[in-house]
Amino acid sequence: MKLDGFCHCGTVTFQLDSKHPYPFNKCYCSVCRKTQGGNGYAINLSGNFNSIDITGRENLTVYRVRFEDGTDSPSERSFCAKCGSELWVRDPRWSELVPPFASSVNTQLPTPPEFTHLMLESKATWVGVHENPSDKRFANTPISPSRIGTNDLDCRNKDGK
Ligand SMILES: [Zn+2]
Ligand SMILES: [Zn+2]
């Protein structure tokens, strides 16, 4: 499915192909909560890096999480430098993926048949988990990229930054 997206001010626009255009991953980690989630979590979906076409690239800025040991995460979270909209995550370890955040996508997305709730051990106390019986729940995050599909690789628990 071809997806169109843009930041709130419209300076950065993009198109990409998504094999699984269901925004099913909800991540409650401290990074997603602060940078993305007014609701206390971020929602993203799969995106094929080879297909991405970006306009306004010069207005992108990248945030890399600094871990407790002082190293920077290889994951890059891309934002519009003008309006601050977070657009997608990129990680060289999974070079074929560029998971966009659902909030940056303008194409009408299908309703996910089920959700995956990730990093629940890091969930803020004020965040409610609205789940269906078929949903999958993880205290942390599953390791395999094929299993989690699109999760951010820099997601941190509440003891991290
Ligand atoms: Zn913008
Ligand atoms: Zn996260």
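Let's start at a turn. In the hairpin of β7 and β8, five residues sit between the strands, and Gly84 there takes a positive phi near 85 degrees. Keep in mind that this is a predicted model.

Now the strands on either side of that turn. β7 and β8 pair in the antiparallel sense, over four bridges. Two of the partners are worth finding on your screen. Arg77 has Val89 in β8 as its bridge partner. Ser78 is bridged to Trp88, again in β8.

What lies on the other side of β7? Strand β6, residues 60-63, is joined to β7 by four bridges. The two run antiparallel. Look for Leu60, which stands opposite Cys80 in β7.

Put those together and you have a sheet. It is open, has three strands, and its order is β6-β7-β8. The pairing is antiparallel. β6 and β8 are the edge strands, each pairing on one side only. From one strand to the next, the twist averages 30 degrees. As a reminder, strands of a sheet pair through backbone hydrogen bonds, either parallel or antiparallel.

Back to β7. Is this strand enclosed or open to the outside? Five of its five residues are buried, so β7 is largely enclosed by the rest of the structure. Which way do its residues point? Glu76, Ser78 and Cys80 go one way. Arg77 and Phe79 go the other way. All of them are buried, on both sides of the strand. Note that charged residues are in that list, Glu76 and Arg77.

Next, the core. The largest nonpolar core has 30 residues. Which members touch the most others? Cys27, Cys29, Cys32 and Leu87 do. Several elements give two or more residues to this core: β1 (2-6), β2 (13-17), α1 (30-35), β4 (42-44), β7 (76-80) and β8 (86-90). β8 gives the most, with three residues. So an edge strand of our sheet is also the top contributor to this core. In general, nonpolar side chains of soluble globular proteins tend to be buried together.

Let me zoom out. The protein has two helices and ten strands. Along the sequence, the pattern reads β-β-β-α-β-β-β-β-β-β-β-α. There are 161 residues, and 40% of them count as buried. Finally, the contacts. Take those with a separation of 6 or more. Residues 24 or more positions apart account for 61% of them.

Key
Residues numbered from 1 in each chain as written. Chains lettered and ligands numbered in written order. Predicted model: local features only at pLDDT ≥ 70, side-chain atom pairs only at ≥ 80, totals over all residues. Core = buried A, V, L, I, M, F, W, Y, C linked by C-beta atoms within 7 Å. Buried ≥ 20, exposed ≤ 12 C-beta atoms within 10 Å, placed from the backbone. Contact = placed C-beta atoms within 7 Å. Pairing = 2+ DSSP bridges. Axes fitted to C-alpha atoms, helices over the stretch in contact; angles between N-to-C directions.
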